[in-house]
Amino acid sequence: VLYVDDEPELLGLCRIFLERDGDFRVTPIGSVQEALGLLAGSPFDAIVSDYQMPDIDGLEFLKRVRSKNEGIPFILFTGRGREEVVIEAINNGVDFYLQKGGDPKSQFAELGHKIKKAVNTRFAINALRTENEKNRGLMDHASDAIFIADASSGMLVDANRKARNLIGRSPEEIRNMHQTDLHPPEKKDLYPDM
């Protein structure tokens, strides 16, 4: 976990609390500039950042991270709780927003829980993306036309290259079609039940 905060005592405290159970290895950094340099050459599973810092604030840090790496979990851990900051953080892809303060033990336990949840969610999303890309490759190289429809609505959600070429439609056009649109007009009533 890369933890960025301009308060040295919090850097140390966070490291102690998160590392004591052996679930995390924390790299504490005192500035966003330093963190950006470190991110360029070192992989991290998650980033935890303060909001208000002297060089670059946590929102700008989030934006810079998202412009290069959409997949890394990012948690804004801040003493500032303004609504507009929360909204902007959400709009820029923050995974969680936590406020500092209160009992350190429960505060860092919550932070640890959010880090684990964000990392597990991102790993699951990346695994699904990989699986989808693999399936897309298999579908596009199939010799048959393949259409995929939502079972409850009957709307088409995908089609392989052979299917797109067969009906002469783009993927966007196909996603606006109902499966009955693939059948001859005089037979449309026969297929929905099947």
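**Sheet and helix packing**

Me: In what order do the strands of the open sheet line up?
Reply: This open sheet has 5 strands (DSSP E runs of at least two residues, numbered from the N terminus), with parallel pairing. It's a predicted model, where local features need pLDDT of at least 70, side-chain atom pairs need 80 or more, and totals for chains, interfaces and linings use all residues. Numbering starts at 1 along each chain as its sequence is written, and side-chain values use heavy atoms, leaving out hydrogens and water. The order is S2-S1-S3-S4-S5.

Me: Which strands sit at the edges?
Reply: An edge strand here pairs on one side only, pairing being at least two DSSP bridges. That picks out S2 (27–29) and S5 (96–99).

Me: Which residue in S2 stands opposite Leu-2?
Reply: S1 (residues 2–4) and S2 run parallel, joined over 3 bridges. Opposite Leu-2 in S2 is Thr-27.

Me: Which strands does H5 touch?
Reply: H5 packs on the sheet, with its direction at about 175 degrees to that of S5. Going by heavy atoms within 4.5 Å, H5 touches S3 (47–49), S4 (74–78) and S5.

Me: How are H1 and H5 oriented to each other, and why?
Reply: The axes of H1 (residues 8–19) and H5 (residues 104–140), both helices (H or I, at least four residues), come within 10 Å and cross at roughly 70 degrees. The H1 side of the contact includes Leu-10, Leu-13 and Phe-17, with Phe-108, Leu-111 and Ile-115 among the H5 residues. On a 0 to 180 degrees scale between N-to-C directions, 65 to 115 counts as roughly perpendicular. So H1 and H5 are roughly perpendicular.

Methods: Angles under 35 degrees count as roughly parallel, over 145 as roughly antiparallel, 65 to 115 as roughly perpendicular and the rest as oblique.
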